[in-house]
Amino acid sequence: MAKTPILFLGATGYIGGSVLSRLLSHPSRDDFDITALVRSPEKGEKLERFGVKAVIGSLKDIPLIEQLAQNAHIVFSTADSGDLDAITALLAGLKKRHATTNDIPTLIHTSGTGVLTAGDAATKGLGISERIYRDDNPNDIESISPTTVHRNVDIAIIQADKEGYLRSYIIAPGAIWGIAKNQLVEAGVSNNYSKGFRLLVQASIARGQAGIVGKGQALWPCVNVEEQGDLFIILYDAIISSPGAVGHGRDGFYFGESGEYLWYDLAASIGKALVKRGTSKSDEPTPFTDEELAKYFGSKEFGEFFGTNSRAQAPHSRSLGWKPKLIAQDFLNNIDADVELATKNQQA
Ligand SMILES: NC(=O)c1ccc[n+]([C@@H]2O[C@H](COP(=O)([O-])OP(=O)(O)OC[C@H]3O[C@@H](n4cnc5c(N)ncnc54)[C@H](OP(=O)(O)O)[C@@H]3O)[C@@H](O)[C@H]2O)c1
């Protein structure tokens, strides 16, 4: 029997490593023919040892993306939630596949609950939004502003599903936390930490005190990296076992969420970890100045993202049988380990 051709984007990443490592130990592993696009030849070589075909290239190699997509029945897209050019090429390749083989490929794409922050930087950590989005309510999802981060990509994907040449499933995690532990991390292939969260920790270390945007009064969803990895595989298994029963396209949005944290509480936990290491004298978070936001986050506008509201509930993901157990307090309790890793990496 022919193996299932799978294209994997983002294998060396924090999310991608946790998903690909699960595919490598999946009961149907022997039926998978996995191709991963990677930028680093060294990491590509390591991946080959896991029986993954590594193609060296970038999301910027548009003809390559199109060609790889044309060969894939299943695509896991975990590299970049916001690269419209790459997704357009991916969709073009999948469309050609459909036109030439009649196959209806499956695209599992990673977005993020950043899509829910439209206009919210205006609150700058000054108040909790009452607007909560549910992933089982397509009208809720369609009401998201097309101008928010990641949203143009999600819209293009949902449109492709509507045209009928593929089935799309969008997983949108909140802030993913925890130090990823899997065979690809151990092999030096994949990241074990979240870069967005790391920025916040590094900014706090650099200024010698935990920082908040405004008063830190805004909420975000969070999810543990291992439980987030599980959601991808639970969704994949559901699609394979009963494709007709799993919502796709307009009905195919799945949040990764198992609790909400207040930005102030997150900063206070970082503050405690800094005091413990003598990096800060006080664990009391103080507001970032505009200059600090620009300095530590690249721009004031991007820095203010760390004070937005993003409120999501994931009954759709849970309806697949996903049962995340770790809540926001677990995230806060784990901050010390994250700060330890960030400190070590900085010294390395
Ligand atoms: N982490 C979170 O909390 C979170 C939550 C929701 C959504 N997201 C989004 O999900 C995506 C992945 O996040 P992550 O945390 O896994 O990030 P990450 O650890 O930085 O991983 C990104 C992966 O994508 C690859 N990649 C990026 N740009 C590429 C390009 N131009 N060509 C080829 N490969 C490229 C990276 O390859 P290299 O190893 O070569 O760099 C890496 O494998 C991001 O768009 C992020 O915004 C993240």
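A pocket is an open set of grid points with protein on both sides within 12 Å along at least five of seven lines. A molecule sits in a pocket if more than half of its atoms lie within 2 Å of the pocket's grid points. In this predicted model, the space taken by the ligand is the largest pocket.

The volume of the largest pocket is about 1500 Å³. Its lining comprises 47 residues, and those closest to its centre are Ile15, Ala79, Ser81, Lys195 and Gly196. Several elements each supply at least two residues of this lining: α1, β2 (32–38), β8, α8 (195–207) and α10 (263–276). Helix α8 gives the most, with four residues. By class, the lining of the largest pocket holds 23 nonpolar, 18 polar and six charged residues.

Around the ligand itself stand 21 residues. The closest are Thr12, Tyr14, Leu59, Ser81 and Asn191. Ser81 is thus named twice: among the residues closest to the ligand and among those closest to the centre of the largest pocket. Both α1 (14–24) and β8 (175–177) supply at least two residues of the shell. The shell divides into 11 polar, seven nonpolar and three charged residues.

Polar side-chain atoms approach the ligand at several points. For Thr12, such an atom lies 2.5 Å from an oxygen atom of the ligand. For Lys195, the partner is also an oxygen atom of the ligand, at 3.1 Å. Ser194 places a polar side-chain atom 3.0 Å from a nitrogen atom of the ligand. On its own, the ligand has 890 Å² of accessible area, and the protein covers 80% of it.

Enclosed space was examined as well. Rolling a probe the size of a water molecule over the atoms shows where empty space is left. Three cavities of 30 Å³ or more are present in the structure. The largest cavity holds about 70 Å³ of space. Its lining is formed by Tyr14, Ile176, Trp177, Gly178, Tyr193, Ser194, Phe197, Arg198, Asp338 and Leu341. Two or more of these residues come from each of β8, α8 and α15 (335–347). The lining of the largest cavity has six nonpolar, two polar and two charged residues.

Some residues and elements recur. Tyr14 is among the residues closest to the ligand and also lines the largest cavity. Ser194 has a polar side-chain atom 3.0 Å from a ligand nitrogen atom, and Ser194 lines the largest cavity too. Strand β8 supplies at least two residues to the ligand shell, to the lining of the largest pocket and to the lining of the largest cavity.

Terms used: Residues are numbered from 1 along each chain as its sequence is written. Side-chain values use heavy atoms; hydrogens and water are left out. A residue is near a molecule or strand if one of its heavy atoms lies within 4 Å of it. A polar contact is a pair of N or O atoms within 3.5 Å; within protein, one must be able to donate a hydrogen and the other to accept it, and residues adjacent in sequence count only if both atoms are side-chain atoms. Accessible areas come from the Shrake-Rupley method with a 1.4 Å probe; for residues, only the protein chains shown count as cover. On a 1 Å grid over the protein atoms alone, a cavity is a set of points where a 1.4 Å probe fits but cannot get out, and a pocket is an open set with protein on both sides within 12 Å along at least five of seven lines; lining residues have an atom within 4 Å of a point. Ala, Val, Leu, Ile, Met, Phe, Trp, Tyr, Cys and Pro count as nonpolar, Asp, Glu, Lys and Arg as charged, and the others, Gly among them, as polar. Grid points are joined across faces, edges and corners, and a volume is the space filled by probe spheres set on the points.
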